[in-house]
Amino acid sequence: MKSWPVQDAKARFSELLETCLKEGPQIVSKRGADAAVLVPLKEWERLRRNAKPTLKELLLADEARVDLDLPRRGRLRRREAGELG
């Protein structure tokens, strides 16, 4: 994997893109530190398909992973204190 300083990546983006498509992922560095990777689309899609969400991501997801049949609130009567035990 070749590393490109951000100035070179900006100035020679077409070359960066062609190298990425021919040779695979290319690293872009900023101030000497690796900052980003340019990846061919097919490899990106493969990585996304194979990625497994973390428990945190599952719990914070907007959409549910399964359908749960939960009763509506207020339809069930509450138990009285004497009924508990």
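In this predicted model, the buried residues of helix H2 are covered by elements that include strand S1 (3-5), helix H1 (6-11), strand S2 (26-30) and strand S3 (33-38). The residues concerned, within the span 13-23 of H2, are Leu16, Thr19 and Cys20, each of them buried. Around the helix axis they cover an arc of only 100°, which means that they are placed on the same side of H2. Ser14, Leu21 and Lys22, by contrast, are exposed and belong to the other side of this helix. Just beyond the end of H2, Gly24 adopts a positive phi of about 110°.

Among the buried residues of H2, Thr19 was examined further. Its relative accessible area is 13%, and because buried residues are those under 20%, Thr19 is assigned to that class. When neighbours within four places in sequence are left aside, the contacts of Thr19 are with Trp4, Gly24 and Gln26. Thr19 is thus described both by its place in helix H2 and by a contact with Gly24, the residue with positive phi that comes just after H2.

The strands were considered next. S1, S2 and S3 form an open sheet, in the order S1-S2-S3, with mixed pairing. S1 and S3 are the edge strands, each of which pairs on one side only. On average, and with direction ignored, neighbouring strands of this sheet are turned by 35° against each other. Helix H2 packs on the sheet and touches S1, S2 and S3, and its direction makes about 140° with that of S2.

Between S2 and S3 the pairing is antiparallel and extends over five bridges. Within this pair, Val28 stands opposite Ala36 of S3, while Lys30 stands opposite Ala33, likewise in S3. The two strands form a hairpin with two residues between them, and in the turn Arg31 has a positive phi of about 55°.

Aromatic side chains were also surveyed. Pairs of aromatic rings are described in general by the distance of the centres and the angle of the planes, but a search of the whole structure finds zero such pairs. A placement of another kind was found at Trp4, where Lys2 lies over the face of the ring, at 4.2 Å from the ring centre. Trp4 is also one of the residues in contact with Thr19, so that the residue whose ring face lies under Lys2 is linked by contact to a buried residue of H2.

Conventions. Residues are numbered from 1 along each chain as its sequence is written. This is a predicted model: local features need pLDDT of at least 70, side-chain atom pairs count only at pLDDT 80 or more; totals for chains, interfaces and linings use all residues. Side-chain values use heavy atoms; hydrogens and water are left out. Rings of Phe, Tyr and Trp (its six-membered ring) pair if their centres lie within 6.5 Å; planes under 30 degrees apart count as stacked, over 60 as edge-to-face and the rest as tilted. A charge sits over a ring if NZ of Lys or CZ of Arg is within 6 Å of the ring centre and within 35 degrees of the ring normal. Buried means under 20% relative accessible area, exposed over 50%, partly exposed in between (1.4 Å probe, protein chains only). Helices (H or I, at least four residues) and strands (E, at least two) are DSSP runs, numbered from the N terminus. The arc is that of the directions from the helix axis to the C-beta atoms. Contact means heavy atoms within 4.5 Å. Two strands pair if DSSP finds at least two bridges between them. Axes are lines fitted to C-alpha atoms, for helices over the stretch in contact, and angles run from 0 to 180 degrees between N-to-C directions.
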